[in-house]
Amino acid sequence: MSLPIKLYTFGTPNGHKVSVFLEVLGLKYETHKVDITKNESKLDWFEKLNPNGRIPTIIDPNFKGVEGGLVLSQTGAILQYLADTYDKEHKFSYPAGTAEYYKTLEYLIFQVSENGPIQGQANHFAVFAKEKVPYGINRYITDTKRIYGVYEDILSRNKANDSKYLVGDRYTVADFALFTWAGALKLLEIDINQWPLLTKWYTQLAKVPGVEKGNSVP
């Protein structure tokens, strides 16, 4: 019997990426809240797990060959690990070596390297910064909208599957990684309805069993 995965997280789009996918896969996990508003991710005990001091981080005690289990941070690495390790029937992934596997990886990296950081900076300048800097606000909100336009284009190219998924004929980690950030567009008062395919994609993905629960952790 497998042991629960330990999830160190907080209620952010990045944190929810992992809890959503854990729920979708039906995996057992323990949630450990790390309150980033109180700088708990910078405490010594947490930085021993993740030197970068960022949530989320997981410990999988079921991983063989590493005493205490595998410790992973970085959402892209965590999601890919969970898919490779626990989605053996490929309900939400593709076999390694296939074109779809690499397209999933491409769009996952796009999300973690462009979508998340750019939208995160937009949140900072437009919402959280004490000093409002028009240049920063305009730059990052404009680029956030550009990125969602790219996603609209990606969906439009999957006509064979009615533009339901980013890759092929099923949801993958590329979809789940984007989903939680797309849901946060309202924080910037950006209306997702300006991208019709993306709106349909978001609405349908929200109905997948486990998504709603995972999106409310911790």
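Here is a conversation about a predicted model, in which a visitor asks for the reasons behind each label.

Visitor: Let us begin with the overall layout. Into which domains is the chain divided?

Guide: There are two: domain 1 covers 5–88 and domain 2 covers 99–209. Their centres, taken over C-alpha atoms, are separated by 22 Å.

Visitor: What does UniProt list for these regions?

Guide: An unreviewed UniProt entry lists "domain: GST N-terminal" at residues 2–90 and "domain: GST C-terminal" at residues 97–218. In the model, residues 2–90 are 35% helix and 20% strand, while residues 97–218 are 63% helix and 0% strand. The end C-alpha atoms lie 20 Å apart for residues 2–90 and 35 Å apart for residues 97–218.

Visitor: How do you know that domain 1 and domain 2 are in contact?

Guide: Contact asks for heavy atoms within 4.5 Å, and 13 residues of domain 1 meet 13 residues of domain 2 in this way. About 1,100 Å² is buried between the two domains, and carbon and sulfur atoms give 73% of that area. On the domain 1 side, Pro13, Lys17 and Gln80 supply 44% of the area buried against domain 2, more than any other three residues. As for salt bridges across this interface, the rule finds zero.

Visitor: Why is Gln119 called buried?

Guide: The cut-off for buried is under 20% relative accessible area. Gln119 has 0%, so it counts as buried. This residue is in helix α4, residues 99–128. Beyond four places in sequence, Gln119 touches Glu114, Thr144, Tyr148, Trp181, Ala184, Leu185 and Leu188.

Visitor: And why is Val211 called buried?

Guide: Its relative accessible area is 1%, therefore Val211 is buried as well. Val211 is found in helix α8, and its contacts outside four places in sequence include Val20, Val24, Phe176 and Phe179. Phe21 is 190 residues from Val211 in sequence, yet 7.5 Å from it in space, C-alpha to C-alpha.

Visitor: What makes Glu189 exposed?

Guide: Exposed means over 50%, and Glu189 has a relative accessible area of 76%, so the label fits. Look for Glu189 in the loop between α6 (173–182) and α7 (196–205). Its phi deserves a glance too: the value is positive, about 60°, although Glu189 is not a glycine.

Visitor: Why is a positive phi worth pointing out?

Guide: Because most residues other than glycine have a negative phi. Asn39 is another case, with phi near 60°. Asn39 sits in the loop between β2 (29–33) and α2.

Visitor: How do you know that the bond from Ile55 to Pro56 is cis?

Guide: Its omega is near 0°. Pro56 lies in the loop between α2 (44–49) and β3. Val217 and Pro218 are also joined by a cis peptide bond, with omega about 0°; Pro218 is in the segment after α8 (211–214). Most peptide bonds are trans.

Visitor: What makes strands β3 and β4 a pair?

Guide: Two strands pair if DSSP finds at least two bridges between them. β3 (residues 57–60) and β4 have four bridges, in the antiparallel sense. In one of these, Thr57 has Ser73 of β4 as its partner. Strand β4, residues 70–73, has Leu70 and Leu72 on its covered face and Val71 and Ser73 on its uncovered one.

Visitor: Why is the link between Lys91 and Glu89 called a salt bridge?

Guide: The rule wants a side-chain nitrogen of Lys or Arg within 4 Å of a carboxyl oxygen of Asp or Glu. The closest N and O atoms of Lys91 and Glu89 are 3.7 Å apart, which means the pair qualifies. Lys91 is exposed at 54%, as is Glu89 at 64%.

Visitor: How many salt bridges does the whole structure hold?

Guide: The search finds eight. Among them, Arg157 and Asp153 meet at 2.8 Å, N to O, and Lys200 and Asp162 at 3.1 Å. The latter pair links distant parts of the chain, with Lys200 in helix α7 and Asp162 in the loop between α5 (134–156) and α6, 38 residues apart.

Visitor: What makes Lys200 and Asp162 partly exposed?

Guide: Partly exposed runs between 20% and 50%. Lys200 has 39%, so it counts as partly exposed, and Asp162, with 43%, does too. Elsewhere, salt bridges that share partners join Glu114, Asp143 and Arg146 into one network.

Notes
Residues are numbered from 1 along each chain as its sequence is written. This is a predicted model: local features need pLDDT of at least 70, side-chain atom pairs count only at pLDDT 80 or more; totals for chains, interfaces and linings use all residues. Side-chain values use heavy atoms; hydrogens and water are left out. Buried means under 20% relative accessible area, exposed over 50%, partly exposed in between (1.4 Å probe, protein chains only). Helices (H or I, at least four residues) and strands (E, at least two) are DSSP runs, numbered from the N terminus. UniProt positions are given in the numbering used here, feature names are shortened, and annotations may be inferred rather than shown by experiment. Domain bounds come from an automatic or database domain assignment. Buried area is the accessible area (1.4 Å probe) that two parts lose on being put together, summed over both.
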